[in-house]
Amino acid sequence: MTEDEAAPRAGHPLAGRPPSKIVAVHVSYRSRATERGRLPKWPSYFLKPPNTLAADGDPVPRPPGCELLAFEGEVALVIGTRARQVSAADAWAHVGWITAANDFGVYDLRYADNGSNVRSKGIDGFTPLGPRLLDARAVDPERIRVRTWVNGELAQDAVSGEDLLFSFADIVADVSRLTTLEPGDVILAGTPTGSTVVRPGDLVEVEVTAAGFAPDGKNRHRIGREPSSSRGDDPPYPPRPGLIAKTAIMSGPPARTGVPHREDPAGDADETDGEVWVSTGRLRSPVTEAGYDLSPPGAMPAADDAQRAAAYGAAGVPGSAGVPAAPPADLLRAVSRVSTATLSAQLRKRGFNSLTLDRLHATQPGRKMVGFARTLRYVPFREDLFAEYGATAPGGGLNAQKRAVEQVRPGEVLVIEARGDPTAGTVGDILALRAQVRGAAGIVTDGAIRDSQALAAMDLPVYYGATHPAVLGRRHVPWEVNGTIACAGVTVAPGDIIAGDGDGVIVIPAQLALEVARDAAEQELQEEFAAEMVAKGESVDGLYPLGKRWRPAYEAWRATRADERKEDTP
């Protein structure tokens with residue numbers, strides 16, 4: 001294939017200047033990691049060649065002999081200015097545009113390259129991208145939503161700030177540490193749960209929407225329009241005119257129902273608090289049967305039960321009882337609605353008796369805390385190890401304590417193992433404030449905190465074992481981030497759900513969280529009913545816990561409550 005043949009054809013958003021490389025992330029969304037049963041400590045990558053690029057409407061041919069062609073709806077980051085060893089704080093400024101992409105692959109050929117995906121994902125036309133580009137400078141990177149439909153049915157739906165394990169900026173910075181990103185290069189930022197197998201005749205559609213900024217009403221041209229060449233800070237690589245999104249400005253956020261939004265051809269969308277929503281439009285990829293033969297020499301397609309299970313994902317192999325993973329935000333919402341006491345009771349019913357973090361104090365005992373665990377481990381102080389790891393990491397860079405704070409994502413709780421040592425601080429006001437600014441849901445440490453009054457005044461719940469004025473170097477060496485730890489006598493794995501309130505802190509294995517939260521909500525309804533009856537003078541016999549005699553009365557009361565809630569809903 002010649003360079004001209006490999007270049008995107010006319011009509012493609014990247015036509016005129018093909019990327020030098022397409023970098024793809026293996027796992028970056030929490031929902032996908034949960035589905036796969038492993039939570040990565042850092043991003044890992046593979047490369048896709050430019051010949052895989054395809055445009056909106058281009059067919060995606062399933063190779064001969066393959067049965068496991070799977071889609072992966074993704075956000076594509078198009079680099080606007082050269083990025084080499086950039087910091088996470090500066091990385092987003094090097095992204096020129098975002099768009100929708102579909103990272104197709106055939107699991108039948110994964111075995112042949114064992115992780116590099118050359119044959120399984122390097123096939124001509126296996127990276128559809130488009131149809132329109134959105135100006136990255138004018139969107140909020142934490143409010144970028146990707147959705148995928150198969151034959152009109154919603155299959156994937158995720159928002160970056162709710163589901164990403166690593167921010168888009170973290171990914172760009174990480175890649176640029178060792179690999180220079182050139183203008184036009186593409187990063188496929190990973191896929192959420194919901195990827196599964198498609199067949200010839202299916203239509204896969206991917207759309208990316210994002211919250212954008214229009215601070216004064218005059219800057220709407222910055223949203224989804226071609227950059228002005230008069231600005232000195234514009235990316236030097238403008239895509240082809242006409243392929244920048246000019247008709248996809250939306251009024252208000254898109255509903256999370258899969259219903260298409262209203263496009264505004266005039267670009268006069270309503271604004272709320274200086275915000276507009278923009279869309280790439282739907283990237284359409286009809287699946288076809290390839291019109292060529294595939295024969296030796298070389299690896300031939302081969303599928304087994306393990307590859308089928310991986311390809312079908314949460315949906316499950318046909319005939320199996322696949323259970324789609326709940327969106328991370330839904331898990332946190334469900335857990336937040338019930339108390340730790342009720343959660344503890346439900347976990348005990350399932351045989352989990354050792355998940356409460358004991359003997360901790362709270363800076364805000366009246367406030368509920370719920371989030372996914374981001375872990376940090378300290379080891380006992382030793383002079384030589386602290387000299388090597390205490391201030392900076394070997395070779396330079398942040399120590400483990402500061403790395404953990406700089407990695408914490410919205411909706412996460414930083415959990416610190418300090419061996420229950422109360423004689424030195426494990427976190428103080430500056431790092432706690434940084435965690436708060438980054439969107440942390442809270443901090444839990446079985447060691448001491450410093451600057452306790454400042455921490456108590458923050459908009460961040462903190463659970464701690466003691467207070468102490470000394471810095472961590474008196475007793476600790478910051479050692480490891482994102483490993484399994486022991487905090488307050490409980491094993492905590494990254495991705496566990498941490499819940500805290502006035503009764504204390506509890507760990508919930510993520511795979512049990514939705515079931516436990518739903519049963520806890522039902523238990524609390526029963527207890528509310530019992531409390532009303534007791535207040536009226538009834539005995540607790542057969543009422544608490546709810547027995548058969550009181551079940552009909554409870555069901556009637558519950559139905560009345562449901563009707564009242566419907567009436568109160570506007």
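Thr342, Leu343, Ala345, Gln346, Leu347 and Lys349 in helix H10 meet Val516, Ala517, Asp519, Ala520, Gln523, Glu524 and Glu527 in helix H15. Sorted by type, the residues of this contact come out as 6 nonpolar, 3 polar and 4 charged. Keep in mind that this is a predicted model. Besides that helix pair, this briefing looks at a few salt bridges out of a count of 32, and at helix H13, where Leu431, Ala432 and Ala435 are buried.

**H10 against H15**

- Two packed helices are described by the angle between their axes and the distance between the axes.
- Here the axes of H10 (residues 340-349) and H15 (residues 513-535) come within 9 Å, and they cross at roughly 120°.
- As for handedness, the crossing of H10 and H15 is right-handed.
- Thr342 is a handy residue to zoom in on, and it sits in helix H10.
- Setting aside its neighbours within four places in sequence, Thr342 is in contact with Ala520, Gln523, Glu524 and Glu527.
- Thr342 has a relative accessible area of 4%, which is under the 20% cut-off, so it counts as buried.

**A salt bridge between distant parts of the chain**

- Asp185 and Lys21 form a salt bridge, with their closest N and O atoms 2.7 Å apart.
- The two partners are 164 residues apart and belong to distant parts of the chain.
- Asp185 is in the loop between helix H7 (168-176) and strand E12 (186-188), while Lys21 is in the loop between helix H1 (3-6) and strand E1 (22-25).
- Asp185 is buried, because its relative accessibility is 0%.
- Lys21 is buried too, with a relative accessible area of 16%.

**Salt bridges inside helices**

- An α-helix has 3.6 residues a turn, so residues three or four places apart point the same way.
- In helix H8 (residues 305-312), Arg308 and Asp305 are 3 residues apart, so about one helical turn separates them.
- Arg308 and Asp305 form a salt bridge, the closest N and O atoms being 3.4 Å apart.
- Arg308 is partly exposed at a relative accessible area of 22%, whereas Asp305 is exposed at 62%.
- Over in helix H16 (residues 551-568), Arg551 and Glu555 lie 4 residues apart, about one turn of the helix.
- The side chains of Arg551 and Glu555 meet in a salt bridge at 3.3 Å, N to O.
- Arg551 is partly exposed at 33% relative accessibility, and Glu555 is partly exposed with a relative accessible area of 38%.
- Elsewhere, salt bridges that share partners tie Arg32, Glu35, Lys48, Glu72, Asp103 and Lys121 into one network.

**The two sides of H13**

- Helix H13 spans residues 429-437, and its residues Leu431, Ala432 and Ala435 are buried.
- These buried residues cover an arc of only 100° around the axis, so they end up on the same side of H13.
- On the other side of H13, you'll find Ile430 and Val437 exposed.
- What do the buried residues of H13 pack against? They pack against helix H12 (400-407), strand E21 (425-427), strand E22 (442-445) and helix H14 (452-456).
- Just after H13 comes Gly439, which takes a positive phi of about 95°.

Note on methods
Residues are numbered from 1 along each chain as its sequence is written. This is a predicted model: local features need pLDDT of at least 70, side-chain atom pairs count only at pLDDT 80 or more; totals for chains, interfaces and linings use all residues. Side-chain values use heavy atoms; hydrogens and water are left out. A salt bridge is a side-chain nitrogen of Lys or Arg within 4 Å of a carboxyl oxygen of Asp or Glu. Helices (H or I, at least four residues) and strands (E, at least two) are DSSP runs, numbered from the N terminus. Buried means under 20% relative accessible area, exposed over 50%, partly exposed in between (1.4 Å probe, protein chains only). Axes are lines fitted to C-alpha atoms, for helices over the stretch in contact, and angles run from 0 to 180 degrees between N-to-C directions. A crossing is left-handed if the near helix is turned anticlockwise from the far one by less than a right angle, and right-handed if clockwise. Contact means heavy atoms within 4.5 Å. Ala, Val, Leu, Ile, Met, Phe, Trp, Tyr, Cys and Pro count as nonpolar, Asp, Glu, Lys and Arg as charged, and the others, Gly among them, as polar. The arc is that of the directions from the helix axis to the C-beta atoms.
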